[in-house]
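Biologist: I am new to this structure. Please take me closely through the ligand site, and then show me where else there is empty space.

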Amino acid sequence: MWQTIKEQVNVVFRDDPAAKNVFEVLLCYPGVHAILLHRVSHRLYHWGLHVVARLLSHFGRWVTGIEIHPGAKIGKRFFIDHGMGVVIGETVEIGDDVLLYQGVTLGGTGHEQGKRHPTLGNHVVIGSGAKVLGNIVLGNWVRVGAGSVVVRSVPDHSTVVGIPGRVVAIKGVAISEEEETMLEHGKLPDPVGQALSSLHTRIASLEEQLRGKSEEAPPLASNENNN
Ligand SMILES: CC(C)(COP(=O)(O)OP(=O)(O)OC[C@H]1O[C@@H](n2cnc3c(N)ncnc32)[C@H](O)[C@@H]1OP(=O)(O)O)[C@@H](O)C(=O)NCCC(=O)NCCS
């Protein structure tokens, strides 16, 4: 636990130039309090103590304004700067070295069951007020602009901005809207699917022909009688 606290304090010095000393970080950073409480409530949740875990996360929300469901899986060196208004849903998965600012929601869209919240890779930064919704994946080193609403998965090293979130750069190099469309996996050509679909059509047509032929042929029983 001591190691976790030490690591958490170091993360604040890494991500917030305003941090002055260890006591200030331990006493005045709601993001630090929220994640330390979450580490405990997550463990309780996995021991099956769901109500106790929820109570602890509810207490965390009360003192920090940050709501993290105890079921959320959060990697190492996670930091929420400023904190107030952050919501992290039950089936969220977060990699290592992720930074969120105030007002970020990692939530569901309201239609899904089971895994219904986002998965974030390592080194992701999500700007203040941004919403990342649904069972989507943000790759490693993704940066989401303040106030954006992201509802589609984005590849590694993308910068996403706007509503709905659009990839405007990869590895810091600007990309056009056309290039962005190519990133949409849902719109990529699907050769296997197309081949299966044409096979399906061909089989249906062969079955149709066979049915026609068997209707034309004399019944088997009369052949036997003739013999
Ligand atoms: C998204 C972000 C990381 C991009 O930073 P960057 O790599 O320096 O990118 P740029 O500033 O060059 O912006 C790239 C393009 O996205 C646009 N853009 C940047 N941030 C945007 C946002 N939040 N919403 C909409 N568009 C945005 C820029 O206008 C620019 O568009 P253009 O190419 O048409 O001019 C940064 O703008 C951001 O929002 N960071 C979050 C910071 C934050 O929340 N701080 C809270 C402190 S309390």
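Modeller: Here is the ligand site, followed by the open and closed spaces and the domains.

This is a predicted model, in which local features need pLDDT of at least 70, side-chain atom pairs count only at pLDDT 80 or more, and totals for chains, interfaces and linings use all residues. Residues are numbered from 1 along each chain as its sequence is written, and side-chain values use heavy atoms, with hydrogens and water left out.

Start with the shell. Around the ligand sit His82, Tyr101, Gln102, Gly127, Ser128, Arg143, Gly145, Ala146, Thr159 and Val161. Each has a heavy atom within 4 Å of the ligand. By class, six are polar, three nonpolar and one charged. Here Ala, Val, Leu, Ile, Met, Phe, Trp, Tyr, Cys and Pro count as nonpolar, Asp, Glu, Lys and Arg as charged, and the others, Gly among them, as polar.

Now the polar contacts (pairs of N or O atoms within 3.5 Å). The side chain of Arg143 places an N or O atom 2.3 Å from an oxygen atom of the ligand. Ser128 uses its backbone: an N or O atom there lies 2.7 Å from a ligand oxygen. At Ala146, a polar backbone atom is 2.8 Å from a nitrogen atom of the ligand. On its own, the ligand has 920 Å² of accessible area, and the protein covers 42% of that. Such areas come from the Shrake-Rupley method with a 1.4 Å probe.

One shell residue has a backbone feature to check. His82 is not a glycine, yet its phi is positive, at about 70°. His82 lies in the loop between strand S3 (79-80) and strand S4 (87-88). Strands here are DSSP runs of E with at least two residues, and helices are runs of H or I with at least four, numbered from the N terminus. Another loop, between strand S14 (158-161) and strand S15 (166-170), holds Pro164. The peptide bond from Ile163 to Pro164 is cis, with omega near -10°.

Next, the empty space. On a 1 Å grid over the protein atoms alone, a cavity is a set of points where a 1.4 Å probe fits but cannot get out; a pocket is an open set with protein on both sides within 12 Å along at least five of seven lines; lining residues have an atom within 4 Å of a point. A volume is the space filled by probe spheres set on the points, which are joined across faces, edges and corners.

The largest pocket holds about 260 Å³. Its lining includes Met1, Glu7, Arg39, His42 and Lys76. Helix H1 (2-15) and helix H3 (30-46) are the elements that give two or more residues to this lining. H3 gives the most, with four. The lining has five charged, four polar and three nonpolar residues.

There are two cavities of 30 Å³ or more. The second largest cavity has about 50 Å³ of space. Among its lining residues are Ala34, Leu37, Leu56, Arg61 and Ile68. H3 and helix H4 (50-64) each supply at least two. This lining divides into five nonpolar, four polar and one charged.

Last, the domains. Domain 1 spans 2-187 and domain 2 spans 191-226, with bounds from an automatic or database domain assignment. Their C-alpha centres lie 56 Å apart.

Conventions
Polar contact = N/O pair within 3.5 Å; in protein donor to acceptor, adjacent residues only side chain to side chain.
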